[in-house]
Amino acid sequence: MPTYAIIGATGSTGQQILSQLLKSPDNKVKVYCRSKAKLEKLSPKLAAHQNVDIYSGALNDVQLIADCIANSKAIFLVIGANVSYPGMRMIQDGAHSVVAALSTIRAKDANAKMPRILLLSSASMNPRLQPDQGRVVAAMTGLVKTALFYAYEDLGHAEDFLRLQKGWLNVTFIHPGGLVEDEAKGHTLTLDKPPEGFIGYPDLAAGMIEVAECEDERYAWQGVGVLPKSGARFNSEVPFIFGRGLLAYYFPPVYRGFKSIGLVQ
């Protein structure tokens with residue numbers, strides 16, 4: 001029975017990965033979340049599932065994370081949200097905690113097999129997945145990178161840190177385009193084809209599981225794109241996400257003020 005660990009099980013990607021893995025009775029899934037109550041609200045039957053172990057607590061609790069990821073075939077590191085704000089570091093904190101936990105496991109057992117880590121990142125982090133840069137595309141790319149500046153900065157630090165572990169770990173960087181709530185439409189994996197639009201969470205999860213189940217090393221230390229086989233719908237929240245991100249980038253004090261009174265996340 002293969003064991004998989006999900007770090008970030010209450011997010012849309014984590015929920016989809018969890019749901020799809022549990023379709024097979026042969027899979028055991030160990031999930032980390034900050035709030036067990038939130039996870040059980042999202043997945044009411046989860047606590048009673050015999051193939052699921054739940055670990056809840058602080059992300060910097062290295063022993064907790066070590067218990068969660070021990071003996072796993074792959075770790076889905078899917079922490080993140082559709083936000084961008086000054087000081088954002090949740091993704092790099094997750095990467096540091098997972099590496100520290102794996103170090104703890106290896107210190108106790110030098111022969112312990114290290115699992116594959118799949119970090120959910122973005123196509124914007126991968127030069128091979130960038131479209132041809134005409135003026136309009138270049139302008140849109142600039143807008144996206146500004147609106148999501150702090151999120152991409154967090155991703156960049158996380159990716160850089162994980163690459164420092166190349167001598168002893170196996171990491172794959174998952175680089176999808178924009179994400180949206182949508183039905184499954186099928187997916188393909190790519191190392192060099194830019195995304196042309198959005199991809200639904202079900203197809204992203206299926207692509208990540210395909211990488212996790214791969215028995216060879218073709219995806220080791222690669223940036224892998226996940227593309228839908230047919231077009232996903234437009235994410236209607238994008239204007240708000242971009243507006244909030246631009247506010248955080250250009251007017252941080254105003255953003256912090258709005259956040260303090262609950263007007264923005």
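Two strands count as paired here if DSSP finds at least two bridges between them. With that in mind, welcome to this predicted model.

**The whole sheet.** Select the strands and you will find 8 of them forming an open sheet, in the order 3-2-1-4-5-6-10-8, with mixed pairing. Look to the edges next: these are strand 3 and strand 8 (187-190), each pairing on one side only. From one strand to the next, the twist averages 20 degrees.

**Strand 2.** Now select residues 28-33, which make up strand 2. Are its residues buried or exposed? Here 6 of the 6 are buried, leaving the strand mostly covered. Colour the two faces separately: K28, K30 and Y32 lie on one side, V29, V31 and C33 on the other, and all are buried.

**Its neighbour strand 1.** Add residues 3-7, strand 1, which runs parallel to strand 2 and is joined to it by 5 bridges. Zoom in on I6 to see its bridge partner in strand 2, V31. Y4, in turn, stands opposite V29 of strand 2. Show helix 1 (residues 12-21) as well: together with strand 1 and strand 2 it makes a right-handed β-α-β unit.

**Its neighbour strand 3.** Move on to residues 52-56, strand 3, which pairs with strand 2 in the parallel sense over 5 bridges. Pick K30 and you will find D53 as its bridge partner in strand 3. Helix 2 (residues 36-42) completes another right-handed β-α-β unit with strand 2 and strand 3.

How values were computed:
Residues numbered from 1 in each chain as written. Predicted model: local features only at pLDDT ≥ 70, side-chain atom pairs only at ≥ 80, totals over all residues. Heavy atoms only, no water. Buried < 20%, exposed > 50% of the residue type's maximum accessible area, 1.4 Å probe, protein only. Helix = DSSP H or I, 4+ residues; strand = E, 2+ residues; numbered from the N terminus. Right-handed = clockwise from strand over helix to strand, strands pointing away. Axes fitted to C-alpha atoms, helices over the stretch in contact; angles between N-to-C directions.
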